[in-house]
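Notebook open, coffee poured. Today I wanted to look up a surface patch, a core and a few charged pairs, and here is what I wrote down.

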Amino acid sequence: MDLQQRTTASPLSPPPPARQSHDSTSILFTFLSFFAIVALVLLPSASPSFQNSLSILHQVPEGHVGVYWRGGALLKTITEPGFHLKMPFITQYEPVQVTLQTDMVIDIPCGTKGGVMISFGKIEVVNQLHKEFVFETLLNYGVHYDKTWIYDKIHHEINQFCSSHSLQQVYIDVFDQIDEKMKDALQVDCTRYAPGIEILSVRVTKPTIPESIRRNFEQMEEERTKVLIAIEKQKVSEKEAETMKKMAISEAEKNANVSKILMEQKLLEKDSARRQEEIENAMYLAREKSLADADFYRKLKQTG
């Protein structure tokens, strides 16, 4: 009887697999609800890196590419600007700029060859990380690759430069060459060790030097300016004297030419008067000769 009751009751009992499926769905729903509540509570006050870990949908801004880590390992996946999906908690994401950017290195102390301590307040480095080298560069030097190849490198190169030059050279004589020297020094090492980084230009501000030395330089510059002004005045005076001399010579030559022309004109007039007198004399002689000949023939005819 009991067996028969169990046999007839068994078809009416719910099948075990359906109950297991219902339990799995409930657990999944509970987990998702818990995750959503945690995200709503923690996300607004969380740090950017934690928000990146929690987020599923993320945006890569224009001028950047998206790079990803899973379990601390850099993935080869590189995404373009736009919206993308990733696994929360497991995959971390960072945007990396691949357009022109300017890194500003500030407060760089250095000592000159003579032992004077000076400080460069600001050095700007315009650089670009090329897109095709993003994975290789980040794999070797991390997201903050510019700290190694720009910030730290600028400190090193400036100290190398100062230690091999005097204060006069650094502050005045070769200051206009520092930009190019820094650019070349950065690019040489980047080309060798981090070829994806291109250094386009470097702008170096005038260094800060001790006040007493700065006053001396200002006095020297003031004296140099006075000398240059005196030299320029002398050049102007010499130029004016030369101009006056040329004007006098020109005036004398003009007067000489005028005198020569007048003299030639008078000579021509005298020569013309002489010729006219000669012609008149010749005409007078011819006329007198003609009269004499006529008188001679008339007397001959009378005697004959």
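**Entry 1: a patch on the surface.** I am working from a predicted model. I began on the outside, where Ile56, Leu57, Phe83 and Leu85 make a nonpolar surface patch of about 460 Å². I then asked where Ile56 is found. Ile56 sits in the loop between helix H3 (48–54) and strand E1 (57–60). Its relative accessibility is 41%, so I noted Ile56 as partly exposed, since the range for that label runs from 20% to 50%.

**Entry 2: the nonpolar core.** Next I went inside. In soluble globular proteins, nonpolar side chains tend to be buried together. Here the largest nonpolar core has 39 residues, and Phe120, Ile123, Leu138 and Ile158 are those with the most contacts inside it. Which elements each supply at least two residues of this core? I listed strands E2 (64–70), E6 (101–111), E7 (117–129) and E8 (197–204), together with helices H4 (134–141), H5 (145–163), H6 (167–173) and H7 (178–193). The largest share, seven residues, comes from H5. Domain 1 (44–96) and domain 2 (98–209) each give this core at least three residues.

I picked Ile123 for a closer look. Setting aside neighbours within four places in sequence, I found Ile123 in contact with residues including Met104, Val105, Ile108, Ile154, Ile158 and Val202. Asp103, Arg203 and Val204 are also among its contacts.

**Entry 3: salt bridges in helix H5.** The structure holds 15 salt bridges, and I looked up a few. Glu157 and Lys153 meet through their side chains at 3.1 Å, N to O. Both lie in helix H5, four residues apart, about one turn of the helix. Are these two buried or exposed? Glu157 is buried because its relative accessibility is 14%, and Lys153 is buried too, at 12%; the cut-off for buried is under 20%.

Lys147 forms a salt bridge with Asp152, with the closest N and O atoms 3.2 Å apart. Lys147 is partly exposed at 47% relative accessibility, and Asp152 is partly exposed at 37%.

**Entry 4: a network in helix H8.** My last stop was Glu278, which forms a salt bridge with Arg274, the closest N and O atoms being 2.9 Å apart. Both lie in helix H8 (residues 211–303), four residues apart, about one turn of the helix. Glu278 is partly exposed at 43%, and Arg274 is partly exposed at 40%. Salt bridges with shared partners join Asp271, Arg274, Arg275 and Glu278 into one network.

Technical notes
Residues numbered from 1 in each chain as written. Predicted model: local features only at pLDDT ≥ 70, side-chain atom pairs only at ≥ 80, totals over all residues. Heavy atoms only, no water. Patch = residues over 30% accessible without salt bridge, like charges linked within 9 Å, V, L, I, M, F, W, Y side chains within 5 Å. Areas by Shrake-Rupley, 256 points an atom, 1.4 Å probe, with all protein chains shown as cover. Salt bridge = Lys/Arg side-chain N within 4 Å of Asp/Glu carboxyl O. Buried < 20%, exposed > 50% of the residue type's maximum accessible area, 1.4 Å probe, protein only. Core = buried A, V, L, I, M, F, W, Y, C linked by side-chain atoms within 4.5 Å. Domains from an automatic or database assignment. Contact = heavy atoms within 4.5 Å.
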